[in-house]
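Visitor: Got a minute to go through this one with me? I'd like to start with how the chains meet.
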Amino acid sequence: MKLVWLLALFPLSPALAQPTPKDVEKVMQRDFRAHGQAGMDRVVQDGVQRVCTETRDHPPAELAKRLEADQAKTIAFPQGSLLGDWKSGERIAQNGRGMQWTDASGTASGGSCYNCHQLSPKEISFGTIGPSLAGFGAQRGSGPEVQRYVYGKIYNAKAYNLCTQMPRLGYSGTLTEQQIKDLVGLLLDPASPVNQ
Amino acid sequence: MNRACAGILLACLAFCAPAAAQDLKKEIERYRQMVNEGSPAELFELEGEALWKKPQGPRQTSLEKCDLGLGPGVLKGAYAGLPRYFKDAERVMDLETRLLHCMMTLQGRGREEATQRLFGNADRPSEMESLSAYVAAQSRGMKMAPGEGHPKEKAAYELGRALYFQRAGAWDFACTSCHGEEGKRIRLQELPVLLKPESARSVVATWPAYRVSTSGFVTMQWRMNNCYQQMRMPEPAFGSDTTVALIHFITVTGKGETYRGPGNKR
């Protein structure tokens, strides 16, 4: 009788229960402090982050499709050509600063692209978390369709692959419209080192 | 002799530049091995010993009676048993959290004063860094065996594991974003997958460590803090349940490895 009571009160031993993303969020709200531009709002998960955490980055296909469509609505495509200056794009791709509590807010952020991708074959210090983008434009051309794809992917990568590790660089306010255009130039311009 | 070496190096810089990244990696490995043969970490261990024995705080007491889990003042093997549950504090603590606890309880120091400067730099290392080097060195040759039996130790492990997968922040990162798949790099830095014992073991066996690129000594609390900075998150409090749980999770995953630190990092 007593045992039944205990089981009713403690259906799971607290020591063995696995914390949910919501539980973890509460712990983080207690344990983290706002610092510089990194405010406590960043601890709170949005729907994409929550679903990706819960499913260990493998969301059910239907749900992924629906949430990707929501993310696609956040992308503001500028009018006209999206092909910016590849030289400026290369500097943005090299720059790994921005959005950290150590970075002054108001100064331009970088895209941290080389941290995860190979781009210009001249740069030997590149990461491998994302795919190699060397020769990206040489293989695909630089027409309006592919410009739009690259711009959108950089602006909000979660619109194309919900649980990708790539940040939403436009949506998060990391990069400006012009910076993203310059990165499109770096990837697609036939003169860019990426396509040599 | 030196001139000849410099000449060869210059010639290599001029003509070996197109060499594959593979060769560069080999050179970095060789450099690491060279540095490992005489580690500057020893200097931090010596400074740490002096700080351990130095009377400080309102009570002008040393840390020599600090209980790191094996009894007051027992240093041999203490680091290898951390993190663990401490009855007097009613929580799981890693080395640095426990050292802070001893500064406050034995030396009578306030949290604010004791945590004023936790992470140092090349010019001036922090007290915590030197103390960590000294204490960790007394576990060399011993197997890493963090506490796993107490319910709070089990809870810390589960929290640490859940934190490892938690995606959040301006860039949607979790620990797994960089440390989730074998064989990945950021720039040229290889990234251990700390969910896997075979990757976690060498990490657990060599931290804390001397960091060549910054000429400073780095601790696990610093590593957690700096990762969250790069994840574009706010700052985790030193010694919080979050940082302790992550360190505990990683240490349990890499347990059983013989401690051979304090090591050297790039």
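Visitor: So how many residues does each chain put into the contact?
Guide: Chain B puts in 36 residues and chain A 41 residues. Keep in mind that this is a predicted model.

Visitor: Which parts of chain B supply the side that touches chain A?
Guide: Helices H2 (21–36), H7 (151–165), H8 (175–179), H10 (220–230) and H11 (241–253) of chain B, plus strands E3 (185–186) and E7 (235–236), each supply at least two residues.

Visitor: And which one gives the most?
Guide: H7(B), with eight residues.

Visitor: What's the mix by class on that side of chain B?
Guide: There are 19 nonpolar, seven polar and 10 charged residues on the side of chain B that touches chain A.

Visitor: OK, strands now. What joins strand E1 of chain A to E7(B)?
Guide: Two bridges, with E1 (residues 32–33) of chain A and E7(B) running antiparallel. Within E7(B), Pro236(B) stands opposite Phe32(A).

Visitor: Switching to the inside of chain B: at roughly what angle do the axes of H3 and H6 cross?
Guide: Roughly 100°, and the axes of H3 (residues 41–53) and H6 (residues 127–137) of chain B come within 7 Å. H3(B) and H6(B) are therefore roughly perpendicular to each other.

Visitor: Which residues make that contact?
Guide: From H3(B), they include Phe44(B), Leu51(B) and Trp52(B). From H6(B), Leu131(B), Tyr134(B) and Ala137(B) are among them.

Visitor: How many charged ones are in there?
Guide: Five charged, alongside eight nonpolar and two polar residues. Glu45(B) of H3(B) and Glu127(B) of H6(B) are among the contact residues too.

How values were computed
Residues numbered from 1 in each chain as written. Chains lettered and ligands numbered in written order. Predicted model: local features only at pLDDT ≥ 70, side-chain atom pairs only at ≥ 80, totals over all residues. Axes fitted to C-alpha atoms, helices over the stretch in contact; angles between N-to-C directions. Helix = DSSP H or I, 4+ residues; strand = E, 2+ residues; numbered from the N terminus. Parallel < 35°, antiparallel > 145°, perpendicular 65-115°, else oblique. Contact = placed C-beta atoms within 7 Å. Nonpolar A, V, L, I, M, F, W, Y, C, P; charged D, E, K, R; others polar. Pairing = 2+ DSSP bridges.
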